[in-house]
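This report looks at a single model, with attention to its interior, one of its helices, a charged side chain and its cysteines.

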Amino acid sequence: MSLLTTHPPIPPRARPDGEEDAAPSRKRPRPAEAALQAPRPPAAAASVYHPRSRYARAAPDFQRLARLDAAFAREVTFDPAGRVRVDWKSPAGLRALTAALLRHDFGLEVELPADRLCPSVPNRLDYLCHVCDLLEEFRGPEGGGGGAAAPAFGPAGLLQEGADV
């Protein structure tokens, strides 16, 4: 017995003018109750970052970083309207962005070697916030257990309990 089956061709749809469409749609009709649901907010309105992350409230301000950080300003371009454009495929530009974010948002001076990977600061901060949540969840009543490892996460105490980063 063959697992592959053939389905009959989908008949063409009839149009209101009596003609038939050459390419029938394969979409299933929406259920009536789905049409009555409230519309969803646009995806951009919801934050993709952890609520404790500073980037959940506002994305990095590239304009401000370009004004404050000469190394970052050398790696970006400006469009005719004056907006900063980051070349996401440029390793040097990404290193400059990461160093600028760490310097101006967290007060950290770092040197990022060209032969090493350079992770995105907002994504790594989001990851650390989630790890801290897990550690806090497993903390014992006396504050021991998994929470005892929390100081190891985040430079300069950025992710201390209750910290808003």
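Which residues have the most contacts inside the largest nonpolar core?

## The nonpolar core

In this predicted model, the largest nonpolar core has 17 residues, and those with the most contacts inside it are Tyr55, Leu65, Phe72, Leu101, Phe106 and Val121. Helices α3, α5 and α6 each supply at least two residues of this core, and the largest share, 6 residues, comes from α5. In soluble globular proteins, nonpolar side chains tend to be buried together.

Phe72 illustrates how such contacts are distributed along the chain: when residues up to four places away in sequence are not counted, Phe72 touches Phe62, Leu65 and Ala66, and also Val86, Ala96, Leu97 and Ala100.

## Helix α5

Helix α5 covers residues 91-106, and its 16 residues should span 22 Å at 1.5 Å a residue, a value with which the 22 Å between its end C-alpha atoms agrees. Its buried residues are Gly93, Arg95, Ala96, Leu97, Thr98, Ala99, Ala100, Leu101, Leu102, Asp105 and Phe106, and these pack against α2 (54-57), α3 (62-68), α4 (70-75) and α6 (121-137). Just after the helix, Gly107 takes a positive phi of about 70 degrees.

## A buried aspartate in α6

Asp126 is found in helix α6, where it counts as buried because its relative accessibility is 15%, below the 20% cut-off. Asp126 nevertheless has no salt bridge, and the nearest side chain of opposite charge, that of Arg124, is 8.7 Å away.

With its neighbours within four places in sequence left aside, Asp126 is in contact with Val48, Tyr49 and His50. Of these contacts, the one with Tyr49 joins positions that are 77 residues apart in sequence, although their C-alpha atoms are 5.8 Å apart in space.

## The cysteines

How many disulfides does the structure hold? The structure holds 0 disulfides, and Cys132 gives one example of the geometry: the closest cysteine sulfur to its own, in Cys129, is 6.7 Å away, which is too far for a bond, since a disulfide requires the two sulfur atoms to be within 2.5 Å.

Cys132 and Cys118 fall into separate accessibility classes, as Cys132 counts as buried at 2% relative accessibility, whereas Cys118, at 24%, counts as partly exposed.

How values were computed
Residues are numbered from 1 along each chain as its sequence is written. This is a predicted model: local features need pLDDT of at least 70, side-chain atom pairs count only at pLDDT 80 or more; totals for chains, interfaces and linings use all residues. Side-chain values use heavy atoms; hydrogens and water are left out. Buried means under 20% relative accessible area, exposed over 50%, partly exposed in between (1.4 Å probe, protein chains only). Helices (H or I, at least four residues) and strands (E, at least two) are DSSP runs, numbered from the N terminus. The expected span of a helix is 1.5 Å times one less than its number of residues. Contact means heavy atoms within 4.5 Å. Lys and Arg count as positive and Asp and Glu as negative; His and the chain ends are not counted. A salt bridge is a side-chain nitrogen of Lys or Arg within 4 Å of a carboxyl oxygen of Asp or Glu. A nonpolar core is a set of buried Ala, Val, Leu, Ile, Met, Phe, Trp, Tyr and Cys residues joined through side-chain atoms within 4.5 Å.
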